[in-house]
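Trainee: I would like a close look at a single part of this protein. Could you walk me through it slowly and connect it to the rest of the chain?

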Amino acid sequence: MVIFGAIMAFSYSQSNSDKNNKTTKINSGETKAYFDDASPVMYFWSPLCTWCQKEEIILNIMAKDGYRLKNMNVYEDNSLYEKYSIDGTPTFMVENGEKLIGYQDEVTLRDWLDKHGAKIN
């Protein structure tokens with residue numbers, strides 16, 4: 001029982017330490033070129049999500065063409081999962097509830113964002 005308690009205490013301290021170490025990644029997400037509150041498309045993501053990190057490469061390319069997304073960082077605000085019925089990241093969503101779920105290649109994402117007016121610059 002004592003060993004179990006020690007393992008749990010160590011595990012808890014490590015998870016809190018990990019969260020503190022990732023703060024810089026989260027804060028840097030707020031200045032990404034593809035974020036704009038005026039976008040009709042919400043982008044649900046997390047800096048801890050491997051697929052979101054891969055998607056970022058495509059989003060940076062598309063930002064040069066004027067594509068913008070509303071920043072919905074679920075790591076900073078996990079209530080977004082329930083509020084918008086989000087099951088995972090990355091997820092793209094428009095106000096009518098239509099979603100594009102999971103990692104998307106550039107062609108698929110570009111077509112979907114064009115359809116929903118995310119090219120705003």
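Mentor: Let's start with C49, which counts as buried because its relative accessibility is 10%, under the cut-off of 20%. Please keep in mind that we are looking at a predicted model. C52 also counts as buried, with a relative accessibility of 4%. You may wonder about the sulfur atoms here. A disulfide is a covalent bond between the sulfur atoms of two cysteines. In this structure, the number of disulfides is zero.

What touches both of these cysteines? T89 does: C49 and C52 are among its contacts, leaving aside residues up to four places away in sequence. The other residues on that list are F44, W45, S46, V74 and Y81. To find T89 yourself, go to the loop that runs between α4 (79-83) and β3 (91-94). Is T89 buried or exposed? T89 is buried, because its relative accessible area is 19% and the cut-off for buried is under 20%. You can also look from T89 across to Y103: these two are 14 residues apart along the chain, and their C-alpha atoms are separated by 8.2 Å.

Now follow C52 into its helix. C52 is one of the buried residues of α3, together with E55, I58, L59, M62 and A63. And where do the buried residues of α3 pack? Their partners are β1 (41-45), β3 and α5 (106-115). The helix itself covers residues 50-63, which makes 14 residues. From the first C-alpha to the last, α3 reaches 20 Å, close to the 20 Å expected at 1.5 Å a residue. Trace α3 with your eye and pause at E56, where the helix bends by about 25°.

Finally, let's step back to the whole chain. There are five helices and four strands, and reading along the sequence you meet them in the pattern α-α-β-α-β-α-β-β-α. The chain has 121 residues, and 37% of them are buried. What about contacts between residues at least 6 apart in sequence? Of these, 70% join residues at least 24 apart. The outside has a number too: the accessible surface of the chain is about 7300 Å², with 54% of it belonging to carbon and sulfur atoms.

So, for your next look, begin at T89 in its loop, go over to C52, which T89 touches, and then continue along α3 to the bend at E56.

Terms used:
Residues are numbered from 1 along each chain as its sequence is written. This is a predicted model: local features need pLDDT of at least 70, side-chain atom pairs count only at pLDDT 80 or more; totals for chains, interfaces and linings use all residues. Side-chain values use heavy atoms; hydrogens and water are left out. Helices (H or I, at least four residues) and strands (E, at least two) are DSSP runs, numbered from the N terminus. Buried means under 20% relative accessible area, exposed over 50%, partly exposed in between (1.4 Å probe, protein chains only). Contact means heavy atoms within 4.5 Å. The expected span of a helix is 1.5 Å times one less than its number of residues. The bend at a residue is the angle between axes fitted to the seven residues ending there and the seven starting there. Accessible areas come from the Shrake-Rupley method with a 1.4 Å probe; for residues, only the protein chains shown count as cover. A disulfide is a pair of cysteine sulfur atoms within 2.5 Å.
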